[in-house]
Every structure is written in C-alpha cells, then in structure tokens.
Amino acid sequence: MDRRLFPRALAVLALVATAVTAGAPTATAESPTPAQTRLNATIDAILADSRLVGAQAGVVVVDTTTGQTRYQRNGDRRLVPASNTKLLTSTAALELLGPGHRFTTDVAGGGVRRAGLLSGNLYLRGGGDPTMLAGDYDALAAQVAAEGVRVVTGNLVADDTRYDHTRLGPDWTWDDESYYYAAQVSALTVAPDTDYDAGTVIVHAAPAAGASAPPVVTMTPPNGYLRIDNRAVNEFDFKSKEMTIDQQLKLAEIKALLAIGQELSRIHHNGINPEYDSGN
C-alpha cells in the first residue's frame, strides 16, 4: 500500500468538505441535501478504490462552523495515522507561523572583539531549518571570516535550544529508531543532500581496486560520531548491488558483497546526534 495515497485522498476529502459546507443548508437524516448526497458519494467512491483493498480507513468530516458531522465511516476505530499526521502538523504550522515564515540559522559572537580576535565563544544557533546542508554551514563560516574574525579564543557552541530536548516522538516505534525516517528532532541539523532527510547520514560503499583490499566505506556528511564496522567483501562475479546495514544507535555494521568495478552503493542511516553533526 503506497503511503502517499492516503494523504492525497484526504486532501480530496478536505476540498470536498469545504465545498459542501460553504452555504449549504443543513442536511437531515430523513432528507439529505443534494450537497450532502454528493459528499457521501464522493467519499464512498474514494474509499472504494481498488488500490485500498485490504486497507483500513477511518473518515470523519465535520462542519467547523456548526460542529455537525457531515460524513462518518469507522470514525471510532483506532488506527495508526502514520504519515497522515503531516496534514494536521502542516495545517497547524501554517495557521500559527503563516505562509511567509522562514526558518533561520544564525551565528553570534559572545565576548569582546578586537580587530580579528574574538575573546569568547562563537554560537551557532539553530532555528529548525530542515534544509541546511554542509555547504550552508560553510557559507556561514565564510561570512564570519568576511566580517574580519580570524581567531576565536573560546568554543564553537552548537545551540539547538529553540526546541526542547525530546528527540524522539513518544509514540514512535522503537525499532525504527536507527532508520532515516525516524531521525531525531533538533533545531540544529544538517541534511546529507537535497532530499533534505535532516539529521541523517548517507553511507556509501564502493569496491576496492582489488579483491584483497576491503571495500571503501564513506559517509555524507563526514562525521566523527557514527562508527563504521566494515564487514563488506569484494567479489569478482557477484552481481547484486544491494547493501544492508545492521543498525544500532552509534554503530553501522556494513554487510555486503560488492563486485569489482561495480558502481557505488548507498544507504541512509539515522545521524543520531544532530547538534554534534552540525557543530563539527
């Protein structure tokens, strides 16, 4: 079952519900209005899609003005909302922050500056931007240098206090913790590429030049937090390009057979410590 199907269907339901509630007279159980009939038929048709065979769905459409339930099917059934939760999260964010909101990442100096010397700490302050790349942090460093700062006597402090320290959702499945789609939450993160899976690391594995040397394993972005236990093996005739990782909190154990001359393989791993990766 494609997870993307449900959000699309729910988006259609939301649009239909909006059309029905705008200026429509109140329906009664005895004589539903034409708009109510169309709403029922539209949602029933969506839920009857053959791609939903074997799936479970609970749908409730409520008029936000009157509080009246316009449509209900399995509304009391307990289901795991999964990625559908993003619809509610996005709606709440747009309502509270507005469509013009921008997440920022700042650098600030704490101490006394004399010419090119900063006597104090340099603070990297995260604002929750999930699209920060390693190159963006390089650009911030270049801006600091352009301001004339050459020496910092204190520390580089990674400040992620914009968010609290609850790194994992209380209801997240514990055995998903090491995978990229369950990366820890932080106000200061770095994404490995423009897929913007913030707080994750891409592990690359490539065959060595000869069978006697171990395959080459690298990480994007490079970091000193995640430890690699490379148990991959070179093979001349092995055709599969699959690579698997037995993932633990701070260890990625690479197990693969990589053919000599084979193209690069890659897999995502949870970066585990967002502010560590951002500040190093």
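This passage walks through salt bridges in a predicted model, pair by pair.

The structure holds 5 salt bridges in total. Among them is the pairing of Asp44 with Arg73, where the closest N and O atoms sit 2.9 Å apart. Asp44 belongs to helix α2 (residues 34–47) and Arg73 to strand β2 (residues 69–73), so this pair ties together parts that are 29 residues apart in sequence. As for solvent, Asp44 comes out as partly exposed, at 31% relative accessibility. Its partner Arg73 is also partly exposed, with a relative accessible area of 32%.

Another of the salt bridges joins Arg51 and Asp49, and here the closest N and O atoms are 2.9 Å apart. Arg51 is exposed, its relative accessible area being 55%. Asp49, on the other side of the pair, is partly exposed at 24%.

Then there is the bridge between Arg70 and Asp63, with 3.2 Å between the closest N and O atoms. What about burial in this pair? Arg70 has a relative accessible area of 6%, so Arg70 counts as buried, given that the cut-off is under 20%. Asp63 is buried too, with a relative accessible area of 5%.

Put side by side, the pairs sit in varied surroundings: Asp44 and Arg73 are partly exposed, Arg51 is exposed while Asp49 is partly exposed, and Arg70 and Asp63 are buried.

Terms used. Residues are numbered from 1 along each chain as its sequence is written. This is a predicted model: local features need pLDDT of at least 70, side-chain atom pairs count only at pLDDT 80 or more; totals for chains, interfaces and linings use all residues. Side-chain values use heavy atoms; hydrogens and water are left out. A salt bridge is a side-chain nitrogen of Lys or Arg within 4 Å of a carboxyl oxygen of Asp or Glu. Helices (H or I, at least four residues) and strands (E, at least two) are DSSP runs, numbered from the N terminus. Buried means under 20% relative accessible area, exposed over 50%, partly exposed in between (1.4 Å probe, protein chains only).
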